[in-house]
Amino acid sequence: MKLDLDISKIHKCRECANDIADQVMEHVQRVTTTTIERTVLRLLGVDGVNHAGVPLPNVVVDSVHRAGHLEDGIATYMARAVASTGLSPQQVAEKVACGELDLTLTASAPAGIGGCERSVLSSAVSASLDRILANVATRREYLSRLDPGTEPLIYVIVATGNIYEDVEQAQSAAKAGADIIAVIRSTAQSLLDYVPYGATTEGFGGTFATQENFRIMRRGLDSVSVETGRYIRLVNYCSGLCMPEIAAMGALERLDMMLNDSMYGILFRDINMKRTFADQHFSRMINAYAGITINTGEDNYLTTADAYDEAHTVLASQFINEALAHRSGLPDSQIGLGHAFEINPELKDGFLYEVAQAQLARDIFPDAPLKYMPPTKYMTGDIFRGYLLNGMFNLAGVMTGQSIQLLGMLTEAIHTPHIHDRYLATKNAKHVFNNARHLGDDILYTRGGIIQTRAEQVLDDTARMLQHVRDRGLMNAMGEGIFAGIARTPDGGRGLDGVAAKSADYWNPFEEAIASRLALAASNDPRRR
Amino acid sequence: MPQVDLKSVRPYGDTLDDGKVQLGFTLPIRYGPEAKEAARQLVMKMGFEGADVVSAHDLGGHFTYFVVYGKCVHSVDVTSLRVPKVEVEQMDFFKINDLVRDKLGRKITVVAACTGSDAHTVGIDAIINMKGYAGEYGLERYPWFRAHNLGAQVPNETLVAKAIDTDADAILVSQVVTQRNVHIANMTRLVDLLEAEGIRDDVILVAGGPRISHELALELGYDAGFGPGTLPSHVAAYIAQEMVRKEHRTSPDLGKER
């Protein structure tokens, strides 16, 4: 620890965050959602679309949800259908899609199904979980055989809208030195209550996240990994109305990281909080099991709120994201807590405050692969000034030991990055990282100096905020606009109609199996206490 | 310094009329002497003389990035230019509020949103939210404005409904995502909706965003467009002055002004 912080204050913050997370989990364990159930189907191998282009997982889940029977879990109905017809889950879904089978007709069967009915799905469940484990092993094998990269890892974005162009640009970026490639999603995909299907070549401000697109990009990055001798990691967005489905797709196609925040969708996409809290939990269990590192989205607070005044909201959210992630079985090494370099560059000593915040995160979360986001709010279109700001950001990143450096683009605020923007950004980062590689090791922060004082102040403000949130409960506190100045209510926002209370006979075989494989405490579940 | 001929202006490097321009671009070809020559010839074709490839970088695969200098032989007659600008007298927070109080005598209602699929609220937040931007308060802080920021990804229909609901005087639309000109269709659609509702002429319709110009806004049927660097007071002053102008146009002899 470099900032000489009061350990007891950090413990106090963690205690509060744990209480806050436990309150949220009380709710999470009581409900399921349409996207959680669609995830179960996807993991059972259900894929494809009907004649109208609607994904089969949606067709099947909607047919049961419309009849008001989601409470038992889609697996219950699927198991009955498989047991009585001898078909595979995919064949059952196809029959539902063309109207030859109605899963709800079995709903009048006595509550609960026998172990023998459930067991008809056990081979499909293990096949899927084993495929994910095989991906974990493949990743480990790549990382041992190839250069795993040196932190801060260089993270860049591609966003052409056309997955095949994206592959070209990603390979070029990897050859220039990028370690991590994120494919930005088409704008508004987070508000779609389904996952588009197949390879796509048109998008707005990004490329649709589809399982086929994941596969195409993974193949492209594996080939450039072998060519460059460095393992190139792939990222996508596990956020919005389909969090767990995207997590499942990413797990099946060996993505390495997922943007996944417990509150981002609520705040910035106005998605209902009861929905998101449930979705984020199951999505994170899948990420945990698949060895996928999540990236949380605290940086977003600072694009709407002031980075200097609201610094404590970032730290408070990091504590909450950490506590919730632990409850989904994510180890610290897979919790990429986010923050950003967004203080007004005109502020005197602004760089010192940035260093204070970045070092604070590093000291408090020593094992987290911290994700550091570049300046965007004060980028003006003056590309030369922008290049300098990004250089300062890179210096803060290397000297405070950040793990994942999302590179700023000199053309931020003008357009999605051109191929040479990414090249120049990578060159900037590589230069600064190399030139100041061990600067952090040599630095001691003066007690009572600007940086150390600022860090203490942010920690104090964070402790106060977390105590308030604990007293009010997170859901109520979010109604006060405590994060990013945005207020949300428990029953407001999109997607509440996709939330259903679980019955006593609710069954989700993947949640069960992953929880047991991750050795998650059964005490997470209030019904079993 | 020698006199600049405004009828014939060209780029200035370090001598008047040297025409020096710096270009940066990528060609989808492999790095090498041929790539440099291709870049040089291309820049000559763009109308530059003495093209000089000062830097070429291999971007991996079949892409090469160049920095090229050239001398621009063209010039522009600045005296003949006509650029549409938002006609507004710059005022500060206090003067704007005083104007509304004294000349209008009621609060101005503004509804604002990032419409369509656009989720980037940085611009609209800077103009509307209490906090403001670059040391200036946003419209929410103006005592003589009633500002409603509807946030991100608002359907045009919702924005129009809110405008009717609040009897809005002005509608502010922010568009940041402009890939494949998605903003054009979206902005046009709003004008169509307002016309269908018969309220287009009742509101001041303003667009803003990094790629929005006043000219583009006018072309799409808006009253004004604000580009990058716009501060809350620019927008507030425009709306306040336009409201006063409108009021006087529609009620020329009611003697409201005392």
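## An acidic patch on chain B

B:Asp167 sits in the loop of chain B that runs between helix 4 (156-165) and strand 6 (170-174). In this predicted model, the residue counts as exposed because its relative accessibility is 61%, and exposed means over 50%. B:Asp167 has company, too: together with B:Asp192, B:Glu195, B:Asp201 and B:Asp202 it forms a negative surface patch.

## Domains of chain B

The domain assignment splits chain B into domain 1 (1-81) and domain 2 (93-250). If you want a feel for their spacing, the C-alpha centres of these two domains are 39 Å apart.

## Salt bridges

Across all chains, the structure holds 39 salt bridges. As background, side chains of opposite charge can pair when their charged atoms come close. A good one to look up is the pair A:Arg145 and A:Glu141, whose side chains meet with an N to O distance of 2.8 Å. The two residues are about one helical turn apart, because they are four residues from each other in helix 7 of chain A. A:Arg145 is partly exposed at 49% relative accessibility, and A:Glu141 is partly exposed as well, at 37%.

Another pair in chain A joins A:Glu511 to A:Lys502, at 3.9 Å from N to O. Here A:Glu511 is buried, with a relative accessible area of 16%, and A:Lys502 is buried with 14%. Over in chain B, B:Asp102 bridges to B:Arg101, with the closest N and O atoms 3.0 Å apart. B:Asp102 is exposed at 53% relative accessibility, while B:Arg101 is partly exposed at 39%.

Chain A also has a network of salt bridges, which links A:Arg38, A:Arg42, A:Asp193, A:Glu245, A:Arg275 and A:Asp279.

## Backbone details worth a look

Most residues other than glycine have a negative phi, and most peptide bonds are trans. With that in mind, look at A:Asp4, a residue other than glycine whose phi is positive, near 55°. A:Asp4 belongs to the segment before helix 1 (7-28) of chain A and is partly exposed, with a relative accessible area of 46%. B:Asp17 also has a positive phi, near 70°. You will find B:Asp17 in the segment before strand 1 (20-27) of chain B, where its relative accessibility of 34% makes it partly exposed.

The peptide bond between A:Glu151 and A:Pro152 is cis, with omega about -5°. To find A:Pro152, go to the loop between helix 7 (122-145) and strand 2 (153-158) of chain A.

How values were computed:
Residues are numbered from 1 along each chain as its sequence is written. Chains are lettered from A and ligands numbered from 1 in the order in which they are written. This is a predicted model: local features need pLDDT of at least 70, side-chain atom pairs count only at pLDDT 80 or more; totals for chains, interfaces and linings use all residues. Side-chain values use heavy atoms; hydrogens and water are left out. Patches are made of residues with over 30% relative accessible area and no salt bridge: like charges are joined within 9 Å, nonpolar side chains (Val, Leu, Ile, Met, Phe, Trp, Tyr) within 5 Å. Accessible areas come from the Shrake-Rupley method with a 1.4 Å probe; for residues, only the protein chains shown count as cover. A salt bridge is a side-chain nitrogen of Lys or Arg within 4 Å of a carboxyl oxygen of Asp or Glu. Lys and Arg count as positive and Asp and Glu as negative; His and the chain ends are not counted. The place of a charge is taken as NZ of Lys, CZ of Arg, CG of Asp or CD of Glu. Buried means under 20% relative accessible area, exposed over 50%, partly exposed in between (1.4 Å probe, protein chains only). Domain bounds come from an automatic or database domain assignment.
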